[in-house]
Amino acid sequence: MARFEYRVLGPLEVWHDGGRVAIGGPRHRAVLAALLVRPNTVVSAARLADMLWEEPPPRATELLYVRVAELRRAMREAGGGTDLVTGEAGYLLRVPDGGTDVKRFARLVDDGLDAARRGDHHTAAARQREALALWRGAAFAEVADRPGVEAEAARLAELRIRAVEARLDADLATGRHDEVIAELVALVAEHPLHERFWGQLMLARYRAGRAGDAVATFDAAARELAERLGADPGPELRRLHTEMLRQDPALTRRPAARARPLTGLVGRERELAALDRLLHAHRLVTVTGVGGVGKTRLAAELAGRGWLVELASLTQPDLLADAVGDALGLPSHHARPRTDLIIEYLRDADGLLILDNCEHLVDAAAAFAVTVLAGCPGLRVLATSRERLGITGEALLPLQGLDLPAPGAVTAAAAGRAPAVRLFVARATAVDPAFALTDGSAAAVVASCRELDGLPLAIELAAARVNAFAIGELAARLDDRFGLLGQGSRMAEPRHRTLHAVVDWSYRLLSAEERGLFTRLSVFAGRFDLDWAEQLAADLHPPAVVARLIAALVDKSLLIRESGRYRMLETLRAYGLEQLATAGELAAVRDRHAALVAGLADTLWNERVGSARDRWMHLLDTTMEQFRAAMEWAVARDDAATALRVAAALSTYWHTRGQYVVGRRWMTLALEASGAVPPSVRARALSGLTVLTAMQGDLAAARASGTEAAEIFKSIDDLRGYGLAMRRLALAEGFGGTLDRAEELMVEAQAVAVAADWPWLLGWTLIQQGLAATARGRWERAARLSTEAEEVLRDVGDPEVLAYVLLLGAEAARNLGGPVAGAERLCAALRAFVGERMLWGLSLALFYTSRVYGDLDRPRREVLLLSAGQEVRRTVGGSFFFWLADHQRRRLASLRTTLGDHDFEAAWLAGHTRPVAEIIDEVCAELSPKVA
C-alpha cells in the first residue's frame, strides 16, 4: 500500500516521500477533503456529488468517476501506488495511523496534557507548540464551507483553541508570564467571549507584578460579556478575581507544585515558592544547608521540569561531566570532551539541570556550571550543596530546619500547625499506627522537634523510634544525647553537631549485631542486592541472620529498599564509614567489598556471553556504582589484580553500551596500577582493551594489546582466551583495512573454537568471515557463512551475536535476491540492536538498510539512514570498517548531486535529529510489514 501524508490543518496538501503531490483543481480537492473527513470509511458517490455541485448534473456519477480517476493517477505518478480505492458502495481512502497532520496534532496534544498532569510543564509546553506548529491556516481552508467538511473544520478549530489554552497554561506554570501577556491581549480581542483566555491574561499580569492591571482585566471581561451576551463572568473567573483581591499566596505559586502530590514532603510550601521565584529571576540557584536538612528532597520536587543528576556517589571531580552525560543519556566520544557534547545537547533547551549533592565537588561543579550556562542561553541550573558554588550571579536559597511551634504551644491544636510537628506525626504514625498527637503528648513532641532543630532527617530518625519508646522517654534521651555531643569540637557547625548527634543516637540504639551490619553496609556505593550483603558480612553472620538484620535496618529507616535493591542515605553512609575508620576497620572492609565485586566480575567474565548476557547487562545498568567504587579503591591500594579483574569483565558492557572512552580510561588506570597480577587476569584485561581501542579506530593500540593478550593466553594454555584474543585482533585488522591479515586470524580463531568446543566463538568467527566476504563482494560465500553461523548459534541464546547473524544474512540476500529479499531478517536485526541498546551494531545495521533504499532508488530515505547511522557512531565515538566508510563517502557525494544541496541537507538533518526507533518503525513498515 502506498504511504501518503495528508495535511488538512491549512490548505489541503498531499505529500509523498518528502515531495508535494499535485492533486488538481477545486473539485479534486473537494472529493479528497470529503474522503479525509471520514478516512478508512466508504463514502457513497451521492455524498461526494453533493460536495462537488449544489445541483448535481445528470451525469454526476460519471463526472465524479473522472475526478476520482484523475486523483488516483496523480497519486500513482507520485508514489507508484495509490491509497484511493473504488468499491461497490462508493470510494475509500486508506490512511495509515499517523498519516494525517490531524492525527499527529491530536497525539502531541495528548502527550502535552499527560506531561502537564505529571507536573512536567516544560515538556507540556513543548508538545503543545509542536502540535500548533502543524497548523498552516484554517483547517480544510479552501473547502471548509462545503457540506460534510464544515462540521469537521469547526471541530478542529475548537481543538486548536484547546491546544492554545493548554500551551499557555504550561507557559504560565514555567514562569513565562511576561512573555505571554501580549499574545493573550491579542487572543481576548479575537475571542472576547472566551473566558479561559481572560483568566489566563489576569493570571499572567498578576504574576508579572501588575495586580492592578489584572483586576482591571476582570472588569474588561465583565463588560464584554455583559454587552455581548447580557451575562456575568463564570465561577472560575470570579474565583480568580476574589483570590487576587485578597492577594492569595497560592496565585504566585506555580501550578507545577500544586499539580503534583507532595508525596511526603511536609512544610516546604514557602521554600518551593521562593525557589520558583529565584529560578525565574536567575539562571543559577544553589540550595544550601546542612546535611539532612532536605536539600535533595526539595530539588526532587522540580525534577519533572528537566534533568536530575545525582552526584552523591561520585568521588572523582574530573568525572562530573561524565555523570551529567550519563544522566542525560549521552554516550561519550573519543575525540570530543563530554562537556562539549552536553552543551551541544542542551544548547536550545529551555529547561532545568539539577546538580544534586555538590558539596564534595564544589570546584568542579562551579566550573561546569559556568561553562554550560555560557553555552546554553535558555538553560537554568539548580545545585544543592552544603556550601555555595561561589560563582558571580549565583542566587542562594539557604534551607533551614522546618518551622517549630511558637513558644508555649503545648496543645495538640496549637503544636500540630507547625511543619516540624506535622512531619514528626506523619513519620511516627507510619511506624506505629496507634501513635497520635494529643494534648498529653504534644509537649514531648514539641521538645523533640526543638532539640532536633527542625531538621527533617533528624526528625524522621527520631519519629521512627516511637514504636520502641514512649514519647516522653524519647524526648529525654534526645536531650541527654545532645548535651553529651555538644561538648565536642567547637569549630564544627552547630547544626552539623546536631545532625551527627541524631545519627549517632540512632546508631547507639541499635543492637550490637545491627550496628556491626550497619557500618559494614556503608561501604556499598549506591544500590546493592541482599546476597551481596550476605557475602560482605559472611564473617559476621550466616545469611539468615543478615537477612533478618537488614529487615530491621529497613524498619528503622537506616536502609531504603527500592526496586528490589537496598541503599543507604548518603548522610548515614558517611556516618557508617566514619565509624569504620574510627575502629580501624575501614580499609579491611573496603578490601572485602572490592573482593566481593571482583568475585562478581569473575562470574560475569564467565557468563558475559550466551543466555546469561541479558541478566548481567541489566545488573550493570543498575549497580555500576559498586563496580566503579571497587576499581577506584583497588587502584588507590595498588591492587592491580582486583582492578583488572573488574575492568576485564566490564569490557563487554562498555563495548555494548558504546562507552569506549570511559572503559578505556578505567582499563588504562587498572593496567597502570602496581601490584602482582596473575597472567590470566592481565590477558583478560588486554583482550578487553583490544575491543575498546579497535572500535575507536586505534589500530596500533589494539594490535599491541591483542597481541600481548594472545601470547599470554597461549603460554598458560587458555584455549578459549587465546581464540577470543585472535577474534578480537581480527576485528581490529578489519577496522584498519588489512583484510588478508584479518581473515588469517579469523581462520585461526575458528580452528581454536572448534578445538575448544565453543559454539559462541565459532559463530562469531563465521560472522566475521562473512563480513569480510561482503567487503570483497563474495555474496554466495557470505550467505553460506551466515547459514552456518545461524546453525551453530541456534542454542547459544546471545542476542548480540544472533543480531549480527541476521544482519549478515539480510545483506547477502539483498545482493543475491533483490532489494527486499532479506527485509524480514534486516528488520529483526534492527529491532534487536535498538532493543538491546547495542549501539555500534545499530549503526552498522542502519548503513546496510540504507543500501536497500539505494537499490530502490529512494535517495531521500537513503540519506536519512546514512545520517542516522553516522549520528549513532558519532555519539559513541566509534570508528567504521574502512571499506564501508569509503563507500559511504562516495555514496553521499553522489546523493548530494542527485538531490541538490537543499533536499540533501534536509534529509541529513532529519537523520541526525529524529529518534532512531521511529525511523526503524517506518522502514520496517515499508520493507517488511509482517515484522513491523
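Select residues 779-792 first: this is helix α36, with 14 residues. From its first C-alpha to its last, α36 reaches 20 Å, close to the 20 Å expected at 1.5 Å a residue. Keep in mind that you are looking at a predicted model.

Next, show side chains on α36. Pick W779, A782, L785, S786 and A789; these are the buried residues of the helix. Look down the axis. The buried residues lie on the same side of α36, because they cover an arc of only 120° around the axis. The spacing has a general background: an α-helix has 3.6 residues a turn, so residues three or four places apart point the same way.

Now turn to the other side of α36. Select E780 and T787 there; both are exposed.

What do the buried residues of α36 pack against? Add four helices to the view: α35 (759-775), α37 (799-817), α38 (823-835) and α39 (839-855). The buried residues of α36 pack against these.

Leave the helices and go to the sheet. Here 3 strands form an open sheet, in the order β1-β2-β3, with antiparallel pairing. Colour the edge strands, β1 (5-7) and β3 (19-21); each pairs on one side only. Rotate the sheet: from one strand to the next, the twist averages 35°.

Zoom in on β1 and add β2, residues 13-16. The two strands run antiparallel, and 3 bridges join them. Which residue in β2 stands opposite E5? Select W15: that is the residue facing E5 across the pair.

Definitions and conventions:
Residues numbered from 1 in each chain as written. Predicted model: local features only at pLDDT ≥ 70, side-chain atom pairs only at ≥ 80, totals over all residues. Heavy atoms only, no water. Pairing = 2+ DSSP bridges. Axes fitted to C-alpha atoms, helices over the stretch in contact; angles between N-to-C directions. Expected span 1.5 Å × (residues − 1). Buried < 20%, exposed > 50% of the residue type's maximum accessible area, 1.4 Å probe, protein only. Arc of directions from axis to C-beta. Contact = heavy atoms within 4.5 Å.
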